[in-house]
Amino acid sequence: MSTAATDGPVSGAEPMPVQTTTWHAAWLPPEAFRALGTRGVLVHGSGPLVDTVLDEVTRACARYGGRVWRSPSWEVDADLVLALRDAGPLANATAEAVRLAATPAVNGRGDGTLGDEGFLTARTAGVTVVLADTPAGLLYGLFHVVRLGAATFDADRPARRHRPALSRRMLDHWDNVAVHPVSGQVERGYAGGSIFWRDGAARRDTARVRDYRRLLAACGINAIAVNNVNVHDTEARLLTDRLGDVAEIADVLRPYGVRVHLAVTFAAPVVLGGLPTADPYDDRVRAWWAAAAGRVYERIPDFGGFLVKADSEGQPGPFTYGRDHADGANLLAGALAPYGGVVHWRAFVYDHRQDWRDRSTDRARAAYDHFVPLDGRFADNVVLQVKFGPVDFQPREPVSPLLLAMPATRMAVEVQVTQEYTGQQRHVCWLGPWWSEVLRFAPRGDGGGTVADVVAGARGGGLVGVANTGDDPFWTGHPLAQANLYAVGRLAWDPHLDPGAVLDEWIGLTWPATGDPQRLRRTLHEVMDDSWRTYECYTAPLGVGFMVRPGHHYGPDVDGYEYTPWGTYHFADRDGVGVDRTRATGTGFTGQYPAPWSKVYESRERCPDELLLFFHHVPYHHVLHSGRTVIQHIYDTHFAGVEQVVAMRERWRRLAGLIEPDVHDRVAERLDEQVRSATEWRDQVNTYFFRKSGVPDAHGRRIW
């Protein structure tokens, strides 16, 4: 993970800035471009994003001794050709033959095009060719070459088409412009301050954002919401008198194909416009939003759209006026429609002022109950943004049934890259396997489509990740948490990618020049591959959630939320543990799933062990599919989780001298904290359930 460096001005759209702050280059250190930079490269086509491709190639070749040409040019002896298909004949004869053959190659599949962001790769007669129909496709093709490295030039390869499965691959930054007295500069951010904002103003030095846009494009991210979904007073003004700050960010991100979105408050006509109401059916309100959207697109012609959190956790919404969420979302959709913008309307709506004694109220049911009756009523440019699970980014949840129940509505699945409930980037917790499970989940069994199918294509809303980046020198606080940011883009591009292969890509790109790459790769897989399940082992067992300290959500507090208005999550008593969400005797949540999952989750015998306590209240002596009782599983996994973290720490220590000292030291310090925290989790959870159940550990281990 090399320190970022500036190579000076190059030909193309914009010069690289002089960098005044040191941070790490993550998965794009200069060494990642070595294989490309030693070659002869022809760039063929025009447009701002083609200029970006040329800039990247020029810098790589200047560093490593290669040559670069831009068409139209004389006959060139290029090893790599990056070309738009319709930009005319190529000077390189081999590449021209590939270009002419590309149409039949593509016509054999799909609609005969490469799409807005797709590209075709081939290698023949010693020349590697990347073709695209659009400049964005050419940019993604370039980063595909960077990922492959030397393998790009190893052997002939037949023509292969690459297209993103999900058209919108987005990050939501929970960044505040002004420092909030409770949530700080970044809400639920664990990597320092914002890279966009500082102390009430936009950061004027854009060098960090310029490096960030490269990282995002290299993993496939093409959209960003630049402010918190909880829109406070200062942030609300980004829509009006502070719009220039948003436009400046958009200008910086644009050359890498990243579009800006803005979180807005539903009450903006009142807060900003001085109107007495924000009622969606009021003509003055409609006119205000139309004028606001017009001003945004005048300043930012490629603006993506609005992000809205409404009627949730105190945020204003259409319920105030007796309207529903379709009414509210369609109000904003109408304002954006003339410009091609979209509304990302979050489905995170529930009663956060519950009576914990009322067992019929179930936070897990809320999104489905609110939104399913509205299916078919949302405008075409509304994307309903749904958390992957029905509660709130817990270490283990079932897939949200809402994702499976609204066929007439555009849906996006939301995951949390910042690790609010999975160790807050103080713990190693590689989430690629978890997100892969979600995207591959088949709602109607093996014969039906997957969650990825629901959010893909023209009717799909894509994948949205809550960003985990900040102004920390390592971007994500914990250097290994960068892998989660990389993975959210790559899995959005292709949900069928093996998460182990994605981790492999990230390792190879991040440390391309290590002296012992096989040892490094092997050790990092040993540390990271099962780290999500390890985290699950020493925290909340079998699908229960919210055993965290209220407020900051770090560390164990088994009953911390259990008797609060925010919900009840484990119902542990002397006889058993778990939430009865069955139709027969509980909240009926299992009935929100289609068959076969409604029957699987309804049955204690068929329910997967890892979700048993999410769906059922069972005695401590209930026997799991593993053959262990519930109480013994709790003891065993919490002891094992600590042992696994101790082993992770020891494996990392053995990498001293193989990785840069600052990176090694930061991870070592975080692993020390992870061992301490995992031990605290083990002792508090095991003690709690020992005292509740009165059942001793079968192996006689010490429980306080």
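**Overall architecture and local features of the predicted model**

The secondary structure of the protein consists of 21 helices and 20 strands. The coordinates examined here are those of a predicted model. The chain has 704 residues, and its radius of gyration is 26 Å; a compact globule with that number of residues would have a value near 27 Å, so the two agree. Along the principal axes, the C-alpha atoms occupy a box of roughly 85 × 65 × 50 Å.

Burial, contacts and surface were then examined for the whole protein. Of the 704 residues, 63% count as buried. Among contacts in the protein with a separation of 6 or more, 71% are made by residues 24 or more positions apart. The exposed area of the protein is about 24,900 Å², of which carbon and sulfur atoms supply 51%. The protein carries 74 positive and 85 negative charges, and the mean positions of these two sets lie 1 Å apart.

Glu 420 was considered at the level of its side chain. This residue is located in the loop that runs between strand S17 (410-416) and helix H12 (432-440). Its relative accessible area is 4%, under the 20% cut-off, and Glu 420 is therefore buried. Two polar contacts of its side chain were identified. One, of 3.1 Å, links the side chain of Glu 420 to that of Arg 188. Another, of 2.7 Å, links the side chain of Glu 420 to that of Gln 416, a residue at the end of strand S17 (410-416). When neighbours within four places in sequence are left aside, the residues in contact with Glu 420 are Trp 174, Arg 188, Tyr 190 and His 553. Arg 188 thus appears both in this set of contacts and as a polar partner of the Glu 420 side chain.

Arg 490 is another charged residue that is buried, with a relative accessible area of 7%. Arg 490 is placed in helix H14, which spans residues 482-493. Apart from residues up to four places away in sequence, Arg 490 touches Arg 147, Cys 219, Leu 497, Val 502 and Glu 505. Arg 522, by contrast, is partly exposed, at 46% relative accessibility. Arg 522 belongs to helix H16 (residues 517-528). The C-alpha atoms of Arg 522 and Arg 654 are 12 Å apart in space, while the two residues are 132 residues apart in sequence.

Ala 293 lies within helix H9 (residues 283-299) and is buried, with a relative accessible area of 0%. Residues up to four places away in sequence not being counted, Ala 293 touches Ala 335, Leu 336 and Tyr 339. Of these, Ala 335 and Leu 336 fall within helix H10 (325-336). A separation of 9.7 Å was computed between the C-alpha atoms of Ala 293 and Phe 303, which are 10 residues apart along the chain.

Several loop residues have backbone features that can be described individually. The peptide bond between Ala 595 and Pro 596 is cis, with omega at about 5°. Pro 596 is in the loop between strand S19 (576-577) and helix H18 (597-602). Ala 125 is not a glycine, yet its phi is positive, at about 50°. Ala 125 is found in the loop connecting strand S4 (119-124) and strand S5 (127-132), and with 60% relative accessibility it counts as exposed. Glu 313, also a residue other than glycine, has a positive phi near 50°. The loop holding Glu 313 lies between strand S14 (305-308) and helix H10 (325-336). Glu 313 is partly exposed, its relative accessible area being 27%.

A further loop position is Val 182, between strand S8 (175-180) and strand S9 (184-186). Val 182 has 73% relative accessibility and counts as exposed. Val 182 and Met 648 are separated by 466 residues in sequence and by 34 Å in space, C-alpha to C-alpha.

How values were computed. Residues are numbered from 1 along each chain as its sequence is written. This is a predicted model: local features need pLDDT of at least 70, side-chain atom pairs count only at pLDDT 80 or more; totals for chains, interfaces and linings use all residues. Side-chain values use heavy atoms; hydrogens and water are left out. Helices (H or I, at least four residues) and strands (E, at least two) are DSSP runs, numbered from the N terminus. The radius of gyration is taken over C-alpha atoms; the globule rule is 2.2 Å times the number of residues to the power 0.38. Buried means under 20% relative accessible area, exposed over 50%, partly exposed in between (1.4 Å probe, protein chains only). Contact means heavy atoms within 4.5 Å. Accessible areas come from the Shrake-Rupley method with a 1.4 Å probe; for residues, only the protein chains shown count as cover. Lys and Arg count as positive and Asp and Glu as negative; His and the chain ends are not counted. The place of a charge is taken as NZ of Lys, CZ of Arg, CG of Asp or CD of Glu. A polar contact is a pair of N or O atoms within 3.5 Å; within protein, one must be able to donate a hydrogen and the other to accept it, and residues adjacent in sequence count only if both atoms are side-chain atoms.
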